[in-house]
Amino acid sequence: MTSPREWWRRAAAAIKDRQSLYLTRLITGSSRFRNPQLEAAVIRATSHDDRSVDYKNAARVFAWARTSPSFLLPVMWALARRAARTRSWPVALKALMLVHGILMRSDSEPVDVQVGRLPFDLSEFKDRSSSPAKASVFSAFIRVYFNFLDSRSVFAGLENDPTDEDQLLDRVQNLQGLLDLLMQIRPYGDGMEVGLVLEAMNCVLIEIFEVYSQICKGIASFLVSVFGSDHHTKMEFYLNEFGNLSPEAKRRRGIVGVMVLRKAIEQSAQLSAYFELCRSLGVMNAAELPEVEKIPEEDVHELEMLLLGEIEEEERREYEDSVEQELEVLDVSPETQLIEITVEQTMEEERSNVVSKEWVIFEEGCLESNFSVGAEKLWPTPPWPSLINASGGMPFVNNGNLIEI
């Protein structure tokens, strides 16, 4: 049974709607966006009645927006005029639902006719049509719904088809951000299980299903491009402007890819809880949604190892290619490398044979005579006269290694 106070509140709201309709007939076009018939349809579709939605006039608003791209701005201007002046949560919520429907219908339009930022601001909306206890929870619902729609409108205006993996991952990250905003649209207190709020939750669930489907497709496309069978197709995304492989781009791509996978696991769990909340509230579309399949932690760990392993493997190949290029510049053949390695090993063996841990005692003059005889066989004159001291012997070297002398 409706209380007298509730009855007077609804009567005052109906009077406000009639007054607004009357003003649309008196005000002539002071702007090229003003249209009395369109504004009247918007007012009827966004009435103060929180028990029902005028689907007939809402369909008229949608049909007006679909007429041509040039009609989109007048419709948005009429909705902005209505939403910016109200302090009633039913009016604001109905206006946001109309904006949501228009945005979903305008996704197929070219970028130059997209809305961009919404022409009104409800980020600090405060309801004055309900009691303080109810006003706070309904105001929070309006604010989070507006934040999502504003971000979605901007994203739709900037979105283009991705041409490489970097753009694909950026798009997936933006979609994951939108999904976070969508899951914030929920009742924030008791007493919000009313028909208008449940209707808005139906629209949100449709959007969640669409956004999450695009996220899954984006992740699948990224994994196919990285681990595809065609190695040339897989690697062409890693080329920089000079046609060479870019380690920085590959490292960034691998790190961002792992972040996207981790975020997908987190959001899958959050979606399951969100769908359960909607089912408990009695949201109609929640009963038709399929179960969210969670990605096993083991599979994600394997994907991370593959991504990071792909980066390390490509860096190793780049290092080997750079070494081969340097050898080609120096004109060093593989046979020459083998000879150099063999000589170096032989010298190491000689070092091991000369160095001894036992003390050896030479008789006086033995070292000098043996050294002179050996030197005469190799050179006519001593090749290092500067190293011979005044007494005719060899000076000590700092490290005591006779082979180096």
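How many salt bridges does a search of the whole structure find? The search turns up six, a salt bridge being a side-chain nitrogen of Lys or Arg within 4 Å of a carboxyl oxygen of Asp or Glu. The model is a predicted one, so local features need pLDDT of at least 70 and side-chain atom pairs count only at pLDDT 80 or more, while totals for chains, interfaces and linings use all residues. Residues are numbered from 1 along each chain as its sequence is written, and side-chain values use heavy atoms, with hydrogens and water left out.

First, the overall picture. The chain holds 13 helices and zero strands; both are DSSP runs numbered from the N terminus, helices being H or I with at least four residues and strands E with at least two. Read along the sequence, then, the pattern is just α-α-α-α-α-α-α-α-α-α-α-α-α. Of the 405 residues, 35% count as buried. Here buried means under 20% relative accessible area, exposed means over 50%, and partly exposed is in between, with a 1.4 Å probe and protein chains only. The accessible surface of the chain comes to about 25400 Å², and carbon and sulfur atoms own 56% of that; these areas come from the Shrake-Rupley method with a 1.4 Å probe, and for residues only the protein chains shown count as cover. As for contacts (heavy atoms within 4.5 Å), take those between residues at least 6 apart in sequence: 77% of them join residues at least 24 apart.

Helix α1 covers residues 4-26. Its 23 residues should span 33 Å at 1.5 Å a residue, and its end C-alpha atoms are indeed 33 Å apart; the expected span is 1.5 Å times one less than the number of residues. Ala13, Asp17, Leu21 and Thr24 are buried in α1, and the buried residues of this helix pack against α2 (36-45) and α4 (72-85).

Back to the salt bridges. Side chains of opposite charge can pair when their charged atoms come close. One of the six pairs is Arg152 with Glu207, at 2.9 Å from N to O. This pair ties together distant parts of the chain, with Arg152 in helix α6 (residues 132-158) and Glu207 in helix α8 (residues 195-227), 55 residues apart. Are these two residues buried or exposed? Arg152 is buried at 7% relative accessibility, and Glu207 is buried too, at 3%.

Lys263 and Asp180 make another salt bridge, their closest N and O atoms lying 3.0 Å apart. This pair also links distant parts of the chain: Lys263 sits in helix α10 (residues 247-281) and Asp180 in helix α7 (residues 165-183), 83 residues apart. Lys263 has 23% relative accessibility, so it counts as partly exposed, and Asp180, also at 23%, is partly exposed as well.

A further bridge stays inside one helix. Glu276 pairs with Arg279, with 3.2 Å between the closest N and O atoms. Both residues lie in α10, three residues apart, or about one turn of the helix. An α-helix has 3.6 residues a turn, so residues three or four places apart point the same way. Glu276 is partly exposed at 45%, and Arg279 is partly exposed at 27%.

Past α10, Glu291 is found in the loop between α10 and α11 (297-330). With a relative accessible area of 62%, Glu291 is exposed. Its C-alpha atom is 7.4 Å from that of Ser272, 19 residues away along the chain.
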